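Dear colleague,

Here is the structure I said I would pass on. My notes follow below it.

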Amino acid sequence: MASSSTLSTRLHLHSPTSLTSIRSRRPNFLRMLTRSCLDDSSALLRAAEYTVDSYVKSGMVVGLGSGHASGMAIQHLGRQLRNGNLKDIVGIPMSVASASEAAKAGIPLDTYKDSSQIDFAFDDADAVEEGTLVAIIGRRKLQGDESIIQEKSILNAASKLVFIIEDTQYKDGLEGSIPVLIQSLNWLATAEEIDDMFLGDAEVWRRPSIGQAGPLGGDFPLVTKEGHNVLDVIFTSPIESLAEVAKSLNRVDGVVDHGVVSKFPCTVVIASQTGLNVLDKLTADIVG
């Protein structure tokens with residue numbers, strides 16, 4: 001994989017002082033919206049509310065993400081509608097859970113179609129790569145009709161995208177899993193090719209629907225609503241470049257999609273106990 005130093009990303013400075021760990025390596029990389037010391041849950045709530053208040057405007061079609069932070073944002077969006085601060089919002093849920101949360105919050109909903117025009121979307125991310133803002137989604141267990149493909153399609157269709165994360169999820173040299181959707185027929189050959197590709201850096205396990213995980217996915221491997229298996233490519237060595245991993249996966253016969261999201265314009269709202277950090281990527285110089 002190519003070194004991340006070979007990638008050039010123009011980053012727009014958008015809010016006042018950086019996380020200590022980031023500042024030591026990347027001066028003036030972020031600016032902070034200063035707040036009093038916050039616990040983790042209130043910091044994430046602040047990030048969710050900031051996202052809605054800063055980016056959602058009346059008349060928008062909004063992609064509604066999945067996860068704890070997105071749930072908070074959906075609830076706040078519902079309050080803003082009830083209070084009359086926002087009007088004529090239509091939500092496009094990315095999962096059954098976000099649809100349920102939005103319905104309870106009183107947000108009018110529509111279903112996603114390939115032709116859907118989405119003005120703005122927010123979502124949780126499992127991790128975001130420092131500097132590039134390339135994200136990983138889909139690590140969590142899929143519930144019901146949840147679909148990584150649908151979630152990623154809505155994110156890519158949005159004119160503007162925000163990931164809401166905690167500071168521990170923003171780092172360089174990411175480890176952990178990347179979900180990869182593959183054709184169920186001849187899945188083992190696809191898994192073996194991916195395993196050979198990342199030999200020594202990652203393990204490849206097929207995700208089970210129930211029971212224990214393992215290389216073969218147990219007796220009941222997960223089959224998505226589109227009819228695909230999910231491989232979890234579990235990196236045990238730091239990933240030098242998520243974009244390069246995505247390019248490599250895209251070249252494998254049998255791979256349908258994966259959980260790497262590289263999009264512009266993209267904003268990451270980072271919740272920390274010392275405030276909110278907001279970082280924009282404005283250019284399309286990373287392909288994933």
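**Helix 3 and what surrounds it**

Of the 15 residues of helix 3, 11 are buried, so this helix is largely enclosed by the rest of the structure. Please keep in mind that the model is predicted.

Helix 3 covers residues 68–82. From its first C-alpha to its last it reaches 22 Å, close to the 21 Å expected at 1.5 Å a residue. The buried residues are Ala-69, Ser-70, Gly-71, Met-72, Ala-73, Ile-74, His-76, Leu-77, Gly-78, Gln-80 and Leu-81. Just after helix 3 comes Gly-84, with a positive phi of about 85°.

**The hairpin of strands 15 and 16**

Strand 15 (residues 266–272) and strand 16 (residues 275–281) form a hairpin, with 2 residues between them. The two strands run antiparallel and are joined by 7 bridges. At one of these positions, Ser-272 stands opposite Gly-275 in strand 16. Strand 16 is largely enclosed by the rest of the structure, because 7 of its 7 residues are buried.

**Thr-267**

Which side chains make polar contacts with the side chain of Thr-267? One is that of Lys-160, at 2.7 Å. Another is that of Asp-280, at 2.3 Å. Thr-267 lies in strand 15 and counts as buried because its relative accessibility is 0%; the cut-off for buried is under 20%. Leaving aside neighbours within four places in sequence, Thr-267 is in contact with Tyr-55, Lys-160, Leu-161, Val-162, Phe-163, Val-278, Leu-279 and Asp-280.

**The four-stranded sheet**

Elsewhere there is an open sheet of 4 strands, in the order 11-12-10-13, with antiparallel pairing. Strand 11 (202–206) and strand 13 (255–258) are the edge strands, each pairing on one side only. On average, neighbouring strands of this sheet are turned by 30° against each other, direction ignored.

Within the sheet, strand 10 (residues 176–183) and strand 12 (residues 228–235) run antiparallel and are joined by 8 bridges. Gln-183 stands opposite His-228 in strand 12.

Which helix lies across strand 10, strand 12 and strand 13? That is helix 5 (residues 148–157), which runs at about 60° to strand 13.

Regards

Terms used. Residues are numbered from 1 along each chain as its sequence is written. This is a predicted model: local features need pLDDT of at least 70, side-chain atom pairs count only at pLDDT 80 or more; totals for chains, interfaces and linings use all residues. Side-chain values use heavy atoms; hydrogens and water are left out. Buried means under 20% relative accessible area, exposed over 50%, partly exposed in between (1.4 Å probe, protein chains only). A polar contact is a pair of N or O atoms within 3.5 Å; within protein, one must be able to donate a hydrogen and the other to accept it, and residues adjacent in sequence count only if both atoms are side-chain atoms. Contact means heavy atoms within 4.5 Å. The expected span of a helix is 1.5 Å times one less than its number of residues. Two strands pair if DSSP finds at least two bridges between them. Axes are lines fitted to C-alpha atoms, for helices over the stretch in contact, and angles run from 0 to 180 degrees between N-to-C directions.
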